[in-house]
Amino acid sequence: MLVLAACGGDDEAPQKPVTPLDRSVVGAITGTVTFEGTPPAMQELHLDPGCASKHQGPVLAGDALVRDGKVENVFVYVKDGLGDRAFATPTEPVKIDQRGCLYEPHVAGAQTGQPILYVNSDPFMHNVHATSNSAGGWNFAMATAGSKNTTRVRKPQVMVDVRCDIHPWMRSYLGVVDHPYFAVTGADGRFTLGDVPPGDYVVAAWHERFGTREARVSLAAKETKTVEFAYTAR
């Protein structure tokens, strides 16, 4: 396994002491991301024959997944309000597979410094080419089925754009923040940010085609607040 640890920072950089979290007062921020109107059509991907053989029927870009008015693959996170709190870095890696010449998942989230494990489940060569304004980037080849590479991002970035230069339709997005309060919506459009300390926050939602939304949330001790983000057809 190749470990690329210098993306956006130094692996030996000193870490701030973790801020203790009083779990007796934490609450939660939950909600749903919706789409009003008719969602835009998704482009059919033109796969090469080898990649197409891994699928049955047409393959769509997956960049506007809306079911019953609920939006999938929205990255939701606390954008502001945590102050100078510091959080422990998870040791469990975020896994992103390459299967059927697509990234799975299409949108993912990670904490700064958390391992990000890329896996190639295809019998084809891929390369993982990430670009970021503030967090650096990486570009490595994965030649064989079962190969694995691990990297880390040391600075927050919403979002890191990841592509395969060999198969140009392959694209995914990685949201990296310096705290654990983030989520990616599933097919039901729902998200939950748990164990949030009391405070005043800005919560943001990002979607690759529909753009960004923000909401202000004041959370009291042990409170659960619901936030609804809505996109509309233009």
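Which strands each supply at least two residues of the lining of the second largest pocket? In this predicted model, the strands in question are β7 (102-104) and β14. The following paragraphs describe the chain as a whole, then the sheet that contains β14, and finally the pocket.

The secondary structure of the chain amounts to one helix and 19 strands. The C-alpha trace spans about 55 × 50 × 25 Å along its principal axes. For a compact globule of 234 residues a radius of gyration near 17 Å would be expected, and the chain, with 19 Å, agrees with this. Of the 234 residues, 47% count as buried.

Five strands form an open sheet in the order β8-β14-β13-β10-β11, and the pairing within this sheet is mixed. Its edges are formed by β8 (107-111) and β11 (138-142), each of which pairs on one side only. On average, and with direction ignored, neighbouring strands of the sheet are turned by 25 degrees against each other.

In the order of the sheet, β14 stands between β8 and β13. With β8, β14 runs parallel, and five bridges join the two strands. With β13 (residues 157-163), by contrast, β14 (residues 171-177) pairs in the antiparallel sense, over five bridges. L174 of β14 takes part in both pairings: it is the bridge partner of A108 and also that of V160. A further bridge links R163 to R171 of β14. Burial was assigned to residues with under 20% relative accessible area. Six of the seven residues of β14 are buried, and the strand is therefore largely enclosed by the rest of the structure.

The second largest pocket has a volume of about 400 Å³. Its lining comprises 23 residues, and those nearest the pocket centre are L60, A61, G62, H106 and R171. R171, the bridge partner of R163, thus belongs both to β14 and to the group of residues nearest the centre of this pocket. Among the contributing strands, β7 gives the most to the lining, with three residues, while β14 supplies at least two. By class, the lining consists of 12 nonpolar, four polar and seven charged residues. The strand β14 accordingly appears in two settings: in the open sheet, where β8 and β13 flank it, and at the second largest pocket, whose lining it helps to form.

Methods: Residues numbered from 1 in each chain as written. Predicted model: local features only at pLDDT ≥ 70, side-chain atom pairs only at ≥ 80, totals over all residues. Heavy atoms only, no water. Pairing = 2+ DSSP bridges. Helix = DSSP H or I, 4+ residues; strand = E, 2+ residues; numbered from the N terminus. Axes fitted to C-alpha atoms, helices over the stretch in contact; angles between N-to-C directions. 1 Å grid on protein atoms, 1.4 Å probe; cavity = no way out; pocket = protein on both sides within 12 Å on 5 of 7 lines; lining within 4 Å. Points joined across faces, edges and corners; volume = space filled by probe spheres on them. Nonpolar A, V, L, I, M, F, W, Y, C, P; charged D, E, K, R; others polar. Rg over C-alpha atoms; globule rule 2.2 N^0.38 Å. Buried < 20%, exposed > 50% of the residue type's maximum accessible area, 1.4 Å probe, protein only.
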